[in-house]
Amino acid sequence: MSLTLFDLTGRTALITGSSRGLGRAMAEGLAACGAKVVLNGSNGARLAQAVEEMRAAGFAAEGACFDVTDEAAIRAAFARFDEDGQAIDILVNNAGIQFRKPMLELDTADWRRVIDTNLTSAFVIGREAATRMAQRGSGKVINIGSLTSDLARATVAPYTVAKGGIKMLTKAMAAEWGELGIQSNAIAPGYMLTDMNEALVANPEFDAWVKGRTPMRRWGKPEELAGLAIFLASDASNYVSGQLIFADGGMSSVL
């Protein structure tokens with residue numbers, strides 16, 4: 001076995017929601033292994049800055065600014081990739097939002113907003129990418145789930161349902177696209193030090209709960225997802241498909 005199994009030179013990866021946070025960390029990991037990365041976000045200024053920083057670090061990077069809940073914008077982005085002769089070999093469906101409110105007080109509009117951003121977008125973008133991957137007979141789809149892909153927590157029902165859906169969407173993709181040469185897997189992060197979790201990290205009671213509940217006694221760092229993303233994007237995982245892999249410091253393994 002050789003480390004060349006993890007070499008991504010010559011491949012292009014699209015990572016949604018990657019101008020910061022987990023998406024940015026995974027993009028940097030893929031780029032460090034030779035991939036050209038296409039960063040995505042809906043905030044044009046922030047996305048441009050992220051691309052500039054990636055290039056300054058010596059990575060091959062460009063931006064694709066579109067809202068992952070806008071199907072027309074998604075189709076237009078992939079049409080531009082086609083026109084530029086840019087094949088997406090690796091797709092990381094990372095874009096997501098959180099919304100906390102008890103279900104009895106939850107508006108349907110907020111439910112739909114979370115489901116559309118966290119789950120439906122992975123299907124729509126995945127379909128666009130896989131249509132093209134199938135023509136080439138190869139491709140890697142990596143969906144980002146969560147601890148809540150398997151476990152529920154009060155006040156985050158739409159997020160929990162969306163991430164549970166990511167688990168089964170990943171299996172459905174593996175079932176239908178495996179014979180086309182596409183491997184589809186999911187990463188389920190635990191509690192990570194991201195912008196989305198800033199308020200939770202700053203809450204002493206919740207911070208103590210996370211550290212007490214996690215066998216490793218700490219929050220995860222975004223860069224700690226990079227190795228798993230590299231594995232799932234590379235030839236090292238060519239016979240791995242339909243799997244949800246937890247990166248949670250052991251939280252999902254204990255009572």
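Which residues form one aromatic cluster with Trp209? In this predicted model, the cluster consists of Tyr191, Phe206, Trp209 and Trp219. Arg153 adds a charged group to this part of the structure: it lies over the face of Trp209, 4.4 Å from the ring centre.

The search of the whole structure gives 6 aromatic pairs. One of them joins Phe78 and Phe81, whose ring centres are 5.3 Å apart; with the planes at 75°, over the 60 degrees required, the pair is edge-to-face. Phe78 and Phe81 belong to helix H3 (residues 71-83) and are 3 residues apart, so about one helical turn separates them. Both Phe78 and Phe81 are buried.

The pair of Tyr191 and Phe206 is also described as edge-to-face, because its planes meet at 70°, and the ring centres are 5.6 Å apart. Tyr191 is in the loop between strand E6 (182-189) and helix H6 (198-202), whereas Phe206 is in helix H7, so this pair ties together parts that are 15 residues apart in sequence. Phe206 has a relative accessibility of 12% and therefore counts as buried.

Helix H7 also appears in the lining of the largest pocket. This pocket holds about 1,200 Å³ of space. It is lined by 49 residues, and the closest to its centre are Gly96, Ile97, Gln98, Tyr159 and Met196. Helix H1 (21-32), strand E2 (36-41), helix H5 (157-177) and helix H7 (204-213) are the elements that each give two or more residues to the lining. By class, the lining has 20 nonpolar, 21 polar and 8 charged residues.

The second largest pocket has a volume of about 170 Å³. Among its 15 lining residues, Gly220, Glu224, Ala247, Asp248 and Gly249 are the closest to the centre. Its lining divides into 8 nonpolar, 4 polar and 3 charged residues.

Closed space is a separate matter. There is 1 cavity of 30 Å³ or more, and the largest cavity contains about 30 Å³ of space. Its lining is made up of Thr16, Asn93, Asn94, Ala95, Thr117, Asn118, Ser121, Ala122 and Ile166. Helix H4 (residues 108-136) supplies the largest share of that lining, with 4 residues. The cavity lining has 3 nonpolar and 6 polar residues, and no charged ones.

An unreviewed UniProt entry lists residues 11-150 as "domain: Ketoreductase". Over residues 11-150 the chain is 48% helix and 18% strand, and the C-alpha atoms at the two ends are 32 Å apart.

How values were computed: Residues numbered from 1 in each chain as written. Predicted model: local features only at pLDDT ≥ 70, side-chain atom pairs only at ≥ 80, totals over all residues. Heavy atoms only, no water. 1 Å grid on protein atoms, 1.4 Å probe; cavity = no way out; pocket = protein on both sides within 12 Å on 5 of 7 lines; lining within 4 Å. Points joined across faces, edges and corners; volume = space filled by probe spheres on them. Nonpolar A, V, L, I, M, F, W, Y, C, P; charged D, E, K, R; others polar. UniProt positions renumbered as here; feature names shortened; annotations may be inferred. Phe/Tyr/Trp six-rings, centres within 6.5 Å; stacked < 30°, edge-to-face > 60°. Buried < 20%, exposed > 50% of the residue type's maximum accessible area, 1.4 Å probe, protein only. Lys NZ or Arg CZ within 6 Å of the ring centre and 35° of its normal.
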